[in-house]
Amino acid sequence: MSTKSVRDATSNQLLEYSRKQGDEKQSITTSWGVPIPEKDASLTVGYHGPTLLQDWVLIDELAHFSRERIPERVVHAKGAGAFGYFEVTHDITQYTAAKVFSEVGKKTPIAVRFSQVAGEMGYADTVRDLRGFAIKFYTEDGIWDLVGNNLPIFFVKDSALFPNFIHVLKRNPKTHIRPDYDMFWDFISLRQETTHTTLMMFSDRGIPDSYRHMHGYGVNTFAFVNAHGKFVYCKFHYLTNQGIANLTSERAQQIAGADPEYLIRDLYNAIATGDYPSWNMYIQIMTPEQAAASPYDPFDDTKVWLHADYPLIPVGKFVLNKNPNSYFAEVEQIGFDVAHLIPGIEPSPDRMLQGRLFNYGDTHRYRLGINNTQLPVNSPFRVSNYQRDGQSTLSSQSGAPNYHPNSFKGPENDRRARALAPVLPISGDAKRIDSGQDDNFTQARLLYEDVLTPDERGRLINNIVSWLKYANTVIQDRSIGNFSKVNEDLGRRIREGLNTYIPQHVNL
Ligand code: HEM
């Protein structure tokens, strides 16, 4: 009978540690470094006596334990991280003066975090969901965070709708059940701009087989400024060199029970065994003139920029070759912030991006504290400014003055950054404009009719039916109405799929 090992790099992690330690023994210490005489017993009066308040070893241990968890991310709570480098392979200095792209061959250290979106820290890796794909570039000009996903578009395009959309992905606040299918399909069917991304999420790409086998996209529209001050809009794509691999719904459900950490395990094992995953990075470029003439809104993140009009331009590649030393310190505490842009990369008027520019810094101040950029994983190579103190301060800035202007050689405005700051001519009436009724179906139709194969269309329909069957009939009818606007056959086939279930008739 042949036998095979069930152990992999993740199972051997502790073994590896003890091997490296050799024979050297270390004493246990308190959090302030004092050696502990007896770790496994509290200080009691006799065998059954009460514990003494002077047992500072126990108090140190318990007090730290009850503070081990910080608030989990309100979205993207579960994830996996790794480190590596980004290398420029093609010259794009005609578009941007960002130093990270300054010359072919240049390498920049990066950290990447992949994530699930909807569930909490403990939920299974193979649930149908979007996947986050965020990259932190440690550049000469400070931190650049590109906080992307594995699909090129998003469900809603106005940040005002984001918290509401996330609520319908999460637990019903009364029943504590997720997904709540009425909540989900109610919102999806009432906001037709969600149709395009909904089709993608229910396609095969809704359940990747590994984080290594999926593409990533910056999703929102950004802008570049070159050394001459010329301004263009851009989108970021990072395409996997491992090839795309997805799981069927049935297989994903089995794995969710058997190995809920399936994606985290895969990434860790691949890197631990030297099978380093890599992606090629591309950009799409649109000039302001093209943006003004575009038949679709280039700042609408529910739409792609058609590759036929805006081809992918190669930029570089990145490789992940190091697992984190501490999951908590380097993955749980990593903070990506969409507002972390470097000179040469700017925001665009994309409404979703605009909301994101505020939100990430705000959530980090809540989740990680005001000095979160001083944590080693978040820290740039150099900081010199006039900020001081606050909770968990690590940096003193070597006695430099803490006020500006000053006469004592404190840091000054950066001439290059000033030259690269674009002058934006902005005018208009400030008002709230609901953009949900722009053309929501043309690109969804292209996806359904021209991109998906007949087999893929069949699985898409089954996947939609497997969620929509639980919703009440009013919401089902409204959803089918929207899918029929994409393609009549799509709507008809979803209806047929639902007809095999007893309908939940209601009046809303
Ligand atoms: C206004 C819209 C949005 C808001 C308010 C928002 C808010 C947030 C918040 C609060 C977090 C948790 C961050 C943390 O605690 O560390 C987060 C994480 C994340 N968001 Fe968004 N988000 C928005 C839209 C998007 C979009 C359109 C994308 C698509 C690219 C996206 C991708 C991500 C990713 C990848 C993460 C995880 C970052 C990590 O790995 O730590 N978000 N978002």
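**Loop geometry and the ligand site**

Ser398 is placed in the loop between H10 and H11. The structure is a predicted model. In this model, phi of Ser398 is near 50°. That is a positive value, and Ser398 is a residue other than glycine. Most residues other than glycine have a negative phi. His76 also has a positive phi, near 55°. Its place is in the loop between helix H2 (56–65) and strand S1 (79–88).

Peptide bonds were examined next. Most peptide bonds are trans. A cis peptide bond joins His404 and Pro405, with omega about 0°. Pro405 lies in the loop between H10 and helix H11 (415–420). This is the loop that holds Ser398. Another cis peptide bond links Arg178 to Pro179. Here omega is about -10°. Pro179 belongs to the loop between H3 and H4.

H3 and H4 also take part in an aromatic pair. Across the whole structure, 33 aromatic pairs were found. One of them is formed by Phe165 and Phe187, whose ring centres are 5.9 Å apart. Their planes meet at 45°, so the pair counts as tilted. Planes under 30 degrees apart would count as stacked, and planes over 60 as edge-to-face. The pair connects distant parts of the chain. Phe165 sits in helix H3 (residues 162–169), and Phe187 in helix H4 (residues 181–190). The two residues are 22 apart along the chain.

The ligand occupies the second largest pocket. Its shell contains 24 residues. By class, ten of these are nonpolar, nine are polar and five are charged. Strand S3 (131–139), strand S4 (142–149) and H10 each contribute at least two residues to the shell. H10 gives the most, with seven residues. Those that come nearest to the ligand are Arg73, Arg113, Arg356, Tyr360 and Arg367.

Tyr360 stands out at the metal. The ligand carries an iron atom, and this atom has a single donor from the protein. That donor is the OH of Tyr360, 1.9 Å away. The cut-off for a donor to this metal is 2.8 Å, so the distance of 1.9 Å for Tyr360 falls within it. Tyr360 is part of helix H10 (residues 351–367). The helix that gives the most residues to the shell therefore also holds the iron donor. Tyr360 has a further contact: a polar atom of its side chain lies 2.7 Å from a nitrogen atom of the ligand.

Two arginines approach oxygen atoms of the ligand. An N or O atom in the side chain of Arg73 is 2.9 Å from a ligand oxygen. For Arg367, an N or O atom of the side chain is likewise 2.9 Å from an oxygen atom of the ligand. Arg73 and Arg367 are among the residues that come nearest to the ligand.

Notes:
Residues are numbered from 1 along each chain as its sequence is written. This is a predicted model: local features need pLDDT of at least 70, side-chain atom pairs count only at pLDDT 80 or more; totals for chains, interfaces and linings use all residues. Side-chain values use heavy atoms; hydrogens and water are left out. Donors are N, O and S atoms within 2.8 Å of the metal (3.2 Å for Na, K and Ca); water is not among the atoms, so sites may look incomplete. Helices (H or I, at least four residues) and strands (E, at least two) are DSSP runs, numbered from the N terminus. A residue is near a molecule or strand if one of its heavy atoms lies within 4 Å of it. A polar contact is a pair of N or O atoms within 3.5 Å; within protein, one must be able to donate a hydrogen and the other to accept it, and residues adjacent in sequence count only if both atoms are side-chain atoms. On a 1 Å grid over the protein atoms alone, a cavity is a set of points where a 1.4 Å probe fits but cannot get out, and a pocket is an open set with protein on both sides within 12 Å along at least five of seven lines; lining residues have an atom within 4 Å of a point. A molecule sits in a cavity or pocket if more than half of its atoms lie within 2 Å of its grid points. Ala, Val, Leu, Ile, Met, Phe, Trp, Tyr, Cys and Pro count as nonpolar, Asp, Glu, Lys and Arg as charged, and the others, Gly among them, as polar. Rings of Phe, Tyr and Trp (its six-membered ring) pair if their centres lie within 6.5 Å; planes under 30 degrees apart count as stacked, over 60 as edge-to-face and the rest as tilted.
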